[in-house]
Amino acid sequence: MSIRQSNSEPGPDEGSREERAAEWFVLVTSGSAAASDVADCEAWQAADPRNRAAYEKLSAFYRSNLLGTAVRNTQEGVASPSRRPARSRSALSPLSWAAAGLAACLCIAFATNEWSRWTSDFSSRIGEIKQIALDEGSAMILDSDSAADRQFTADLRRIDLRKGRVHLDVVSDPSRPFIVEAGGLQVTVTGTAFDIQLLDDGLRVAVEHGAVTVGQTDAEAQPVVLNAGQTAVFGGDGTILFRNDTARFDWRHGRFKFRRETVAAVMKRLERYIPGRIVVMDAEIAGQRINGSYPLDDPAETARRIADIVSADLTGHERLLLILH
């Protein structure tokens, strides 16, 4: 899979084929598939060699003993295929429940991503880095799987970050302040270039040049000023952690860099660039600290190289689930 850098919507990819293969596999292995279902699945595979290849690759992966453990580690519940009537839990094999759980994860992630794209002013697909020229002269770059809204008026410029990460290079205009709202915080800028990223439990702001002021949108707490070269993570609990990780700006140029980061943290960051999940099964491997710099044009290959560094195996399918063990 390659990272796309573009100014327009990308064309269709193979995602729907992989998702369809997952749906067929869940149905056929459920124990409740009719003969006509099996025949339809075979017909779908026969219609295109790429269909059969996707199904066979997925089938081989699902036979791995790692799959059920990985799904149990990442999901609290699973769902049976929606196209069949509900049946008792005992009607499905453990393998099929694992498959169904992973298929449910994919459907939820796909729906969430598509909803953000459809309802946002700006958005990027998974694996796409999108450059956008704003009409007042500022430049915006959306990282993979990100979404933002714009509200520009005669006396205010505002960007609402709804998902992911954005880099902004803002043209100074004292008569029209430029603010970014994300995660309950408000970032006020002048002529500044900076990254802002929504995290699972907070917000990360990194300033490349200039300065920004970060404050809460609904409180009167003292705002924090960040200058060039400074990075801060604002936790959901109100904590602020200052960091020195300016290498993170390299994502804009298609590079993935990390220094003295744990394998778990690196894989979590890398996961943004692939459609599926990455699970590190071994706690000792997850805690190892590593350094590296890789191109983002093939995230799955980067995951394989990292696995080699820590003498681990990488199993799975990048569109579904990669397991480091």
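**Exercise 1. Which residue in E11 does Asp195 stand opposite?** Work out how E11 is paired on either side.

*Solution.* Some ground rules before we start. This is a predicted model, so local features need pLDDT of at least 70 and side-chain atom pairs count only at pLDDT 80 or more, while totals for chains, interfaces and linings use all residues. Residues are numbered from 1 along each chain as its sequence is written, and side-chain values use heavy atoms, with hydrogens and water left out.

Step 1: find the elements. Helices (H or I, at least four residues) and strands (E, at least two) are DSSP runs numbered from the N terminus. E10 covers residues 193-199, and E11 covers residues 202-209.

Step 2: look at the pairing, which takes at least two DSSP bridges between two strands. E10 and E11 pair in the antiparallel sense over seven bridges. They form a hairpin with two residues between them.

Step 3: read off the partner. Asp195 stands opposite Ala206 in E11.

Step 4: check E14 (residues 231-235). Five bridges join this strand to E11, and the two run antiparallel. Here Val205 has Ala232 in E14 as its bridge partner.

Step 5: ask about burial (buried is under 20% relative accessible area, exposed over 50%, partly exposed in between, with a 1.4 Å probe and protein chains only). Six of the eight residues of E11 are buried, so the strand is largely enclosed by the rest of the structure.

**Exercise 2. Which residues have the most contacts inside the largest nonpolar core?** Follow one of them outwards.

*Solution.* Step 1: fix the term. A nonpolar core is a set of buried Ala, Val, Leu, Ile, Met, Phe, Trp, Tyr and Cys residues joined through side-chain atoms within 4.5 Å.

Step 2: name them. The largest nonpolar core has 30 residues, and Phe194, Ile196 and Val205 have the most contacts inside it.

Step 3: list neighbours of Phe194, where contact means heavy atoms within 4.5 Å. Leaving out residues up to four places away in sequence, Phe194 touches, among others, Val166, Leu168, Val189, Val205 and Val212.

Step 4: look for another core. A second, separate core of 23 residues includes Phe256, Val266, Val310 and Leu324.

**Exercise 3. Is Tyr55 buried or exposed?** Say what surrounds this residue.

*Solution.* Step 1: place Tyr55, which is found in helix H3 (residues 49-62).

Step 2: check accessibility. At 11% relative accessibility, Tyr55 counts as buried.

Step 3: collect contacts. Beyond four places in sequence, Tyr55 is in contact with Ala21, Trp24, Phe25, Val28, Cys41, Trp44 and Gln45.

Step 4: compare sequence and space. Tyr55 and Glu23 are 32 residues apart in sequence and 9.8 Å apart in space, C-alpha to C-alpha.

**Exercise 4. In what order do the three strands of the open sheet with E17, E20 and E19 stand?** Add the helices that pack there.

*Solution.* Step 1: the order is E17-E20-E19, and the pairing is mixed. E17 (277-280) and E19 (314-317) stand at the edges, each with a single partner strand, so one side of each is left without a neighbour in the sheet.

Step 2: take the E17 side. Four bridges join E17 to E20 (residues 321-324), and these strands run parallel. Val280 stands opposite Leu324 in E20.

Step 3: add helices, with axes fitted to C-alpha atoms (for helices, over the stretch in contact) and angles from 0 to 180 degrees between N-to-C directions. H6 (residues 263-270) packs on the sheet, touching E17 and E20, and its direction makes about 175° with that of E17. H8 (residues 299-309) lies across E19 and E20, running at about 160° to E19.

Conventions. Contact means heavy atoms within 4.5 Å.
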